[in-house]
Amino acid sequence: MLKHYLIIFGISMVPLIELRGAIPYAVGFIQAGEPLELWLCYLIAIVGNMLPVPFIFFFARKVLEWGKDKKIIGKFFTFCLEKGHKGGVKLKEKAGKGLFWALLLFVGIPLPGTGAWTGTLAASLLDMDFKESVIAVILGVVLAGVIMGVASAGLFGTIFAVAG
């Protein structure tokens with residue numbers, strides 16, 4: 001059981017997968033009969049997903065800007081900067097003064113490339129207030145968790161009903 005909780009924590013910290021992969025993993029094992037507590041899985045996934053956020057906000061931009069001109073890592077770092085910048089510009093254009101809500105929805109709607117990592121990088125590139133952006137990101141992560149939980153329960157419920 002502890003192994004599954006640690007895996008949920010680890011999955012939720014991985015960029016691009018994040019909580020969107022951790023919640024379906026947890027729901028799948030719960031529906032398969034593992035004695036995992038759903039509320040604890042959510043809490044662990046949220047903490048795991050949020051743990052990198054302060055580091056991303058304060059350091060990722062500096063590291064990416066430092067590495068964009070390096071021979072081996074330059075293309076990838078430039079890609080990350082451009083992706084974060086594009087996401088930030090789109091958010092700012094569409095949101096105007098509602099940037100907090102736009103960031104919350106950007107992180108909260110579970111689509112590829114719109115999680116806490118990208119949202120936090122975009123907030124950093126837009127020079128948003130740290131506290132405001134962390135609150136928007138955590139609320140977005142909670143929203144994404146609820147959406148993924150409902151979607152996963154329906155998907156896995158159907159699979160187990162058909163297979164069972």
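**Notebook: cysteines, the H1/H2 pair and helix H5**

I looked for disulfides (cysteine sulfur atoms within 2.5 Å) and found zero. The model is predicted, so I note that local features need pLDDT of at least 70 and side-chain atom pairs pLDDT 80 or more, whereas totals for chains, interfaces and linings use all residues. Numbering runs from 1 along each chain as its sequence is written, and side-chain values use heavy atoms, with hydrogens and water left out.

I then checked the cysteines for burial (buried is under 20% relative accessible area, exposed over 50%, partly exposed in between; 1.4 Å probe, protein chains only). Cys-41 is buried, because its relative accessibility is 1%. Cys-80 also counts as buried, at 19%.

Next I examined helix H1 (residues 2-13) and helix H2 (residues 18-31), helices being DSSP runs of H or I with at least four residues. Their axes, lines fitted to C-alpha atoms over the stretch in contact, come within 7 Å and cross at roughly 160 degrees. H1 is therefore roughly antiparallel to H2 (an angle over 145 degrees). I listed the contacts (heavy atoms within 4.5 Å): His-4, Ile-7, Ile-8, Ile-11 and Ser-12 of H1 meet residues of H2 including Tyr-25 and Phe-29. I sorted the residues of this contact into eight nonpolar, three polar and one charged.

Finally I turned to helix H5 (residues 74-95), whose 22 residues reach 31 Å from first to last C-alpha, close to the 32 Å expected at 1.5 Å a residue. Its buried residues include Phe-77, Cys-80, Leu-81 and Leu-91. Helices H4 (53-67), H6 (99-108) and H7 (116-125) are among what covers the buried residues of H5. I recorded a positive phi, near 60 degrees, at Gly-96, which follows H5.

Key:
Axes fitted to C-alpha atoms, helices over the stretch in contact; angles between N-to-C directions. Helix = DSSP H or I, 4+ residues; strand = E, 2+ residues; numbered from the N terminus. Parallel < 35°, antiparallel > 145°, perpendicular 65-115°, else oblique. Nonpolar A, V, L, I, M, F, W, Y, C, P; charged D, E, K, R; others polar. Expected span 1.5 Å × (residues − 1).
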